[in-house]
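Dear colleague,

Please find below the structure that I am handing over to you, followed by an account of what was found in it. I would be grateful if you could read the notes with the model open.

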Amino acid sequence: VVLEEAPLVGTRSRIDLINVNRNVMVEVSPESSHSYNAFFHGGSLNRFKDALKRDLAKDDYARVNGFILVTLTDTDFPLTPDAFARQGVTL
């Protein structure tokens, strides 16, 4: 069972994909979200810091609830099984 844009229970966050049967959460995170960009973060460094905190909260949520969190970046595309294997998930 795979859910797309699924809400994380007890939070206001969403995760891109969750494979409920395999306990794997997938978050697609473009490189632009890993460094401050005035355009993407509304000109506010605090918004960028808040985005980083949300990413860390998703990682904590996965760990506490027994999921493996796979974060895919631009370098993982085109997508291959190796992108998952590097993060400990075999397909």
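The side chains of Asp 76 and Arg 86 form a salt bridge, with an N to O distance of 2.7 Å. This pair connects distant parts of the chain, 10 residues apart: Asp 76 sits in the loop between β4 (68-72) and α2 (81-85), while Arg 86 belongs to the segment after α2. The two partners contrast in their surroundings. Asp 76 is buried, at a relative accessible area of 8%, whereas Arg 86 counts as exposed, at 58% relative accessibility. Please bear in mind here and below that the model is predicted.

In total, the structure holds 3 salt bridges. Another of them joins the side chains of Lys 58 and Glu 27, at 3.1 Å from N to O. Lys 58 lies in helix α1 (residues 45-64) and Glu 27 in strand β3, so this pair ties together parts that are 31 residues apart in sequence. Are these two residues buried or exposed? Lys 58 is buried, with a relative accessible area of 11%, and Glu 27 also counts as buried, at 12% relative accessibility; both values fall under the 20% that serves as the limit for that term.

A further salt bridge is found between the side chains of Asp 60 and Arg 63, at 3.0 Å from N to O. These residues stand 3 apart in helix α1, so about one helical turn separates them. Asp 60 is partly exposed, with a relative accessible area of 38%, and Arg 63 is exposed, with a value of 57%.

Glu 27 merits a closer look. Its strand, β3, spans residues 24-28. Leaving aside residues up to four places away in sequence, Glu 27 touches Arg 14, Ile 15, Asp 16, Lys 58, Leu 69, Val 70, Thr 71 and Leu 72. Glu 27 and Thr 73 are 46 residues apart in sequence, yet their C-alpha atoms are 8.8 Å apart in space.

One of the residues that Glu 27 touches is Asp 16, which lies in strand β2 (residues 14-19). Which side chain of opposite charge is nearest to Asp 16, and how far away is it? It is Lys 58, at 6.1 Å. Asp 16 is buried yet has no salt bridge; a salt bridge requires the nitrogen and the carboxyl oxygen to be within 4 Å, so the separation of 6.1 Å does not qualify. Lys 58 does, however, meet Glu 27 in a salt bridge, as described above.

The side chain of Asp 16 does have a polar atom 2.6 Å from the backbone nitrogen of Val 28. Val 28 is also among the residues that Asp 16 touches, together with Leu 3, Glu 4, Glu 5, Val 26 and Glu 27, again not counting residues up to four places away in sequence.

Leu 3 leads to a final point, on the surface. Together with Val 1 and Val 20, Leu 3 forms a nonpolar surface patch, and the three have about 240 Å² of accessible area together. Within this patch, Val 1 lies in the segment before β1 (2-7) and is exposed, with a relative accessible area of 59%.

With kind regards

Conventions
Residues numbered from 1 in each chain as written. Predicted model: local features only at pLDDT ≥ 70, side-chain atom pairs only at ≥ 80, totals over all residues. Heavy atoms only, no water. Patch = residues over 30% accessible without salt bridge, like charges linked within 9 Å, V, L, I, M, F, W, Y side chains within 5 Å. Areas by Shrake-Rupley, 256 points an atom, 1.4 Å probe, with all protein chains shown as cover. Helix = DSSP H or I, 4+ residues; strand = E, 2+ residues; numbered from the N terminus. Buried < 20%, exposed > 50% of the residue type's maximum accessible area, 1.4 Å probe, protein only. Contact = heavy atoms within 4.5 Å. Lys, Arg positive; Asp, Glu negative; His and termini not counted. Polar contact = N/O pair within 3.5 Å; in protein donor to acceptor, adjacent residues only side chain to side chain.
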